[in-house]
Amino acid sequence: MDKNISKEQILKWLTKVAVVMVKNKDYLTELDAAIGDADHGINMERGFKKVLEKVDGFSDLDVGSILKNTGLTLISSIGGASGPLYGTLFMQMGMALINKDALNVKDLYQGIAKGVEGVQARGSALAGEKTMIDVLEPVTQVLKASVEVGESLLEALPKVTVAAKKGMESTTSMIARKGRASYLGTRSIGHQDAGATSSYFIFKTLEEVMTPTNE
Amino acid sequence: MVNIVLVSHSRKLAEGVKDLALQMCQNKVKIEAIGGIEEAGEISIGTDAQAIFEAMEALVDQGDVLVLMDIGSAVMSAEIALEMLPSGLQQNVCLCAAPLVEGAIVAAAQAMTGAHLDIVMGEATNALAGKISLLNPAKQAMQADEVEMDNYQLFDLLVPNPLGLHARPAVRLVEIVNRFEVNAMVGITANHFVSAKSITQIGTLGAKQGDILYFKISGREIEEFTATLEKFQKDNFGDVIAEKPLNSPSSLGVVKEDTRLNKGMIQGIAASNGLAVGKVKLVKRNLPAVVKTTVSDIEAEVEQLKLAVQQVIHRLKLTQRSLTADNSEEAQILDFHLLFLEDEHLIQKVINTVRKEKINVSYVWSENIAYIKKQYLQMDAPHLQERAGDITEIGDTVLAELVGEGTEPIRMDEPGVLVIKELGPAETINLDKSKVLGIVTAGGGDTSHSAILSRSLGIPAIAGIGNAFDSLVNGELVAIDGTKGEIWIGSENPEMLQSIRAQKLLDTQRKEKLLLKAQQPAITKNYRQISVLANVSSPEEAWQAYQSGAEGIGLYRTEFLYMNRDTPPDEEEQFEVYRAAAANMQGYPVTIRTLDVGGDKPIPYLNIKEEKNPFLGLRGTRYCLQDIDLFKTQLRAICRVSAEFPVRLMFPMISVPEEIMAVKEILQEVQIELTKAKIPHNEQIPVGVMVEVPSIIFLLPVLSQELDFLSIGTNDLTQYLLAADRENETVAKYRSAQHPGVLNALQYIIQNVDIEVGMCGELAGDPLMTNLLLAFGLKELSMNNSVIPRIKETIRNSDDEHQKSLLAKFRKLTLLTEVKTLLEENQPSLG
């Protein structure tokens, strides 16, 4: 049967993402140190820790407002480029989902599509430029396909994780065209993009929250 | 007015750029610097959209806002901040793609001229143009856009100042253009013009001293505009003259980060002119390290602080006492140090913290000093920010006292070039001037106190050599050129060393000779001494006059003080200006002419009605007698200066004796008021009038008994005598002060009055005329600074016999051409 993402699960997702970011702070920073400015792990930890502090206060809000407030929190606490970018992702997603109490596949697709659109406009990055877009774009496409064939959330989410993982891994062989890594040119080849990695964590965590075995 | 938000990942960078930009716009533009991200009081690298939003919100109420950012998240955070603004306000904020540092400086400069947001944004975006054309002229990326202009007028202006059209004058120039209803293009060649409203484009002209700026001007207010330009030029393009020109390679006087050692030459910032050759005396100081510790004997700590502060105050007072009256600037700087240390509030705050938290006093002291320093650095006014250097010096001196390592005074055992990281003002004053041949500092710039002091002490100095400091070795021979900011290492450049040494010798000899000659009196071959005085309009020009050998000011024009502003100067301002001018003349007499408004010098706020024939209208004293309050304010200011300096009062445009009676009555009222208020002034202040209006000439033999002196203004006298308007070119051929019709009148005046008669018109500064004027019996000539040495020399070569024969020939002449021929035939030769 078709299981929706409840408001409680959204809150749980955000909480778990925060835990993942804290755990992977050093890993993300290490990735970023190779070709960027070695602050991605620190920034993501700082941002999501702030979200963690506030998430209890979000419990009376609808899903859209929760996501929007998460975005705002990220923007005002991260500091690096991931602040405006992830901030925009969650804010736009939230704005598309205002007054929703639960999300079905179509809702999730529409929210994420809107969020990704916002990120693309903000950072003007395209797929293939070694950025989080290399994860976000395939994720959007997979969800779109699931909506079209009428798959359930539980069918769609594992595919989302796989697409996100593939997208993340594909960044290793790319030349960075955006952000500070782009100053390295071809020397950026051979390193996985930190932003794509944190994006992967976000979707993987969503699947984990929704998968009963992980409860 | 456009205000500016600066966004950087680094708070230090944002604030540093803000300092630079504020210096550029003299604090006329509001600038918010947003940098770093703050969490639990700690600031790390990053950008905060919320903070940017708050800055935009604060400024957008006061006008348009231009936002400049560094890279990456700064851009995105600024975009988000903009989206957070109410949509109605978003159009008033522009995010600008300009490079942060260059963009901020250009934007600030353009904004202070009152330009529109689009213009400021365009200029800032183009901010790299100057640097590109400087470093890579062949590949100049940006072309100045030439605007086609029809029906324009041409106007030329000579660049007067040694630094040329650098950033500050460029800003002033754009400001002037914006003030008038004109469209103007400017160039230094006749075939390449740029918009005179564009700071970046003007910057690319690279106009140097002696270049001619060609203007194409159209619009309604061409005359007002060109008059202001002329004034601007007379003002030396706003560059100070008395203080030696700052020949810094970076006109902003910023510490250059990149001072590479290039073929044994180090480039620093020129801080004080002059040459020196000598051994490096390297002074390295280790500041006492301060560690936070808890203490048990709190009162001992408190006592220690009080003692340390007292010691330092005592030493400062000793230094101050050793200063003479000539060092007023130095004394003022020390005053600031004293004031700071005598501030009970600060001392008490430190003591309270020590008592409360039981930690060592040296730690608390350093923390407080660091905090105060930060406060100064955050202030808007650059001159206050520069005080941060003083705070460091005071803080370190007390700290050294506290930790028992009294700062060693800088001791030079033999003459040499002092090389030191930082030099405080008090230390600069205490230097042994006989030993310090030159000063080189790693930090500082051309406006820091120690640079100013070096200039006033006449010690060549170079600041801001940065890391190159480490490449200088104690004892090695160097040559420094304080004018260019260059340090030459002797071992690598022996020929440069020789050349600078020779140049220095030559310089010293030439300067002494020139000054000696200029300062010598002008005495004819028959031992008649003639007073050679100057016509000036500002204290700076007075100082130049003194340097050029003027023996006084024969005409101090006060109108310029009233021009180009919206309200008249008040008594205090006038007092300060006249006093400064008199002080610069070092005791020589100064004749101050009261406001000569009207005619060719309109002042809008005085609301003088437009006249068909202003030269025959309400001008000079005629106007002042209608505006008694304005007149009295000026008289009070002049009278107050007369208490201290030999000042004389002169009234312009006197046409009838009734006017002399009227002004004397008002002067008497002013004097009585001053006496009643116990304000010192010279009750016997000499009073004279300008002889410009023919009607007065024939009354002078009698009238002069009421006066102390006369000064003949040949320019106006000529136009009135010959009935030829100064501004009407069609009658120009009738108008020459050399016409026998005028010259005979001059002779009549000089020979028919018993009081002192001088001449302050252009004729006085014409060397062709000198012999004839002396033959008429004139004993006092007042002229522009530049011709003083020449006229003095002409007088020295003059003799009675030649004058007599010249006068005899002149008496028979009635035509202008005859006079001209006579003068040219008798052109004085210069020895």
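**Reading chain B of a predicted model**

Tutor: In this predicted model, helix α24 (residues 628-642) of chain B packs against helix α25 (residues 657-676) of chain B at an angle of about 60°, and their axes are 10 Å apart.

Student: Why is α24(B) called oblique to α25(B)?

Tutor: Angles under 35 degrees count as roughly parallel, 65 to 115 as roughly perpendicular and over 145 as roughly antiparallel, with the rest called oblique. The angle here is about 60°, and that makes α24(B) oblique to α25(B). The crossing of α24(B) and α25(B) is right-handed.

Student: Which residues of α24(B) and α25(B) meet?

Tutor: From α24(B) the residues include B:Ile628, B:Phe631, B:Leu635 and B:Cys639, and from α25(B) they include B:Val663, B:Ile666, B:Leu667 and B:Leu674. Charged names also appear in the list, among them B:Lys632 and B:Arg636 in α24(B) and B:Glu669 and B:Glu673 in α25(B).

Student: What makes B:Asn771 count as buried?

Tutor: A residue is buried under 20% relative accessible area. B:Asn771 has 6% relative accessibility, and therefore counts as buried. This residue lies in helix α30 (residues 770-776) of chain B. Apart from neighbours within four places in sequence, B:Asn771 is in contact with B:Ser798, B:His802, B:Gln803, B:Leu806 and B:Pro828.

Student: Why is helix α31 (residues 788-796) of chain B described as largely enclosed by the rest of the structure?

Tutor: Because 7 of its 9 residues are buried, α31(B) is largely enclosed. The buried residues are B:Ile788, B:Ile791, B:Lys792, B:Glu793, B:Thr794, B:Ile795 and B:Arg796. In chain B as a whole, buried residues make up 52% of the 831 residues.

Student: Let us turn to the sheets. Why is one side of β2 (31-35) and of β6 (93-96) of chain B left without a neighbour in the sheet?

Tutor: The sheet is open, with 4 strands in the order β2-β1-β5-β6 (chain B) and parallel pairing. β2(B) and β6(B) stand at its edges with a single partner strand each, so one side of each has no neighbour in the sheet. From one strand to the next, the twist averages 20°.

Student: How do you know that strand β1 (residues 2-8) of chain B pairs with β2(B)?

Tutor: Two strands pair if at least two bridges are found between them. β1(B) and β2(B) run parallel and are joined by 5 bridges, so the condition of at least two is met. Within this pairing, B:Val5 stands opposite B:Glu32 in β2(B). Helix α1 (residues 11-25) of chain B lies across β1 and β2 of chain B, at about 160° to β2(B).

Student: What makes β7 (153-158) and β9 (192-195) of chain B edge strands?

Tutor: They belong to an open sheet of 4 strands in the order β7-β10-β8-β9 (chain B), with antiparallel pairing. Each of the two pairs on one side only. Neighbouring strands of this sheet are turned by 30° against each other on average, direction ignored.

Student: How do you know that β7(B) and strand β10 (residues 212-219) of chain B pair?

Tutor: The cut-off is at least two bridges. β7(B) and β10(B) pair over 6 bridges in the antiparallel sense, so the cut-off is satisfied. Here B:Leu154 stands opposite B:Lys216 in β10(B). Helix α10 (residues 222-234) of chain B lies across β7, β8 (182-189) and β10 of chain B, running at about 10° to β7(B).

Notes:
Residues numbered from 1 in each chain as written. Chains lettered and ligands numbered in written order. Predicted model: local features only at pLDDT ≥ 70, side-chain atom pairs only at ≥ 80, totals over all residues. Heavy atoms only, no water. Buried < 20%, exposed > 50% of the residue type's maximum accessible area, 1.4 Å probe, protein only. Axes fitted to C-alpha atoms, helices over the stretch in contact; angles between N-to-C directions. Contact = heavy atoms within 4.5 Å. Left-handed = near helix turned anticlockwise from the far one by under 90°.
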